[in-house]
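Me: Please take a close look at one part of this model, the interface between its two chains. Give the cut-offs as you go.

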Amino acid sequence: MSDTNRDHVEDAETTHFGYREVPRDDKEKLVRGVFDSVASRYDLMNDLMSAGIHRLWKRFTLELSAVREGQTILDIAGGTGDLAAKFSRLVGPTGQVVLADINDSMLRVGRDRLIDKGASGNIHTVQCDAQALPFPDNSIDCITIAFGLRNVTDKDKALRSMERVLKPGGRLLVLEFSKPTNPLLENAYDLYSFKILPLMGKLVANDEDSYRYLAESIRKHPDQETLLEMMEDAGFVNCQYHNMTGGIVAVHKGIKA
Amino acid sequence: MTQGHDPAVITAALAAIETSINKGLSLAPIAQRELAELEGTVIGIQCTAPALAITIIIEPSGELRLAHYSERKADTQVRGTLEDFAALAVSEDPAATLINSNLELIGNTAPLIALQQILSTMDLDWEAPLVDALGDVVGHQLASLLRALFQWGKASGSSLRRQLSEFILEEGRLTPPAAELDAFYSEIEQLGLRVDRLQGRIQKLAKRLGAIKP
């Protein structure tokens, strides 16, 4: 199946980069700049920003993946490799884990971390674009993309690309920031995101702008129901999502028919 | 959207209790080795009210993995309401409570018994990590559920296996005692021998009758 056969190819010449409208071709470069800047302290900042809760969100995502020994897993935007390390243990020596990221800096940090953890042998690192995955059709058992989809320029195209490479019956799990379900929580979350988060970025990583972008990009990301529709439009079936921490984060699951 | 508890909260609780158990196991190498023999065993605990599912998976290392969501088929499944689990926890006769209550035991009970025996020998604090993660009310409820399943054998000083077998034999009269079974098998054996002898006599008589006939 070709990506160009789908109906949802976007025509607009601009896209959002946080709250800014930028030419579509520039977004990838701008996102790369953000992650080049935060790569070395990415895990530390995640722990600080989420008070460690991101580990629980990922743990539940791992449970939903229901991976088994011998399977092939693709972790897109896998960054510093925390999910890949856990998948590596679950699929065992007969399985394969592909840690993919468009960003060279993140991938380097991830590869080094995995080697330091002793996770090797069944892990491959691939620098690639989620919108045009360089894998054969029907070749992957499970794809995860954790906190990565919102940085992709054309999300529909990326979802179609994921659907193409998944085996029939294979599953996609999208873990991403989403829309809080409680208005009070939303207000507190806004205050935290736009005031405290950039300040933390400035203090810990000396990079206020990148963390402001992270907060803005979360608000521009599709909410739970919209992302669910996008997955269905991309061809996934039995799509569902689980809200976590009051909807601040949601994990969407879809199965390739 | 799927309803129910916030998965992050339950995951936090299970991660806390998993850490607590595995820390205890790391200090009890014999228990860990015994658990490693049950590698790959999956035990499902399903609380129907309030709705909560926990899956316990025994890792090759002998450590336990607790999951809120699992698609693996459980070797043993225990199902009931929190009230049922709580009744088991405070019961003076847990085996009888287990048999008579609405708790359902499905599948192979041996791994559950083995796990219960191993965990009941460990001084695990179920309450603290769960209350820390979930707060007093829910944390205490979940701790009660886990304590009901894995700790009550310790207080009575006897194993689930013995209590269960005693109950099945003496109280429930669900299976006959071994002595009764032995006597029954012996009688069957005697009956078989007598039938063989009778058959031999019949053949002998038939031969004689054949010889008499002209």
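Reply: What follows describes the contact between chain A and chain B, mainly from the side of chain A. This is a predicted model, in which local features need pLDDT of at least 70 and side-chain atom pairs count only at pLDDT 80 or more, while totals for chains, interfaces and linings use all residues. Residues are numbered from 1 along each chain as its sequence is written, chains are lettered from A in the order in which they are written, and side-chain values use heavy atoms, with hydrogens and water left out.

With contact taken as heavy atoms within 4.5 Å, 18 residues of chain A touch 17 residues of chain B. The two chains bury about 1500 Å² between them, and carbon and sulfur atoms give 55% of that area; buried area is the accessible area (1.4 Å probe) that two parts lose on being put together, summed over both. On the side of chain A, the residues that lose the most area to chain B are A:L56, A:R59 and A:E63, which together make up 37% of what that side buries.

The interface holds 4 salt bridges, each a side-chain nitrogen of Lys or Arg within 4 Å of a carboxyl oxygen of Asp or Glu. One salt bridge joins the side chains of A:R171 and B:E71 at 2.8 Å, N to O.

In chain A, α3 (53-65), α4 (82-91) and β8 (236-244) are the elements that give two or more residues to the side touching chain B; helices (H or I, at least four residues) and strands (E, at least two) are DSSP runs, numbered from the N terminus. The largest share, 6 residues, comes from α3(A).
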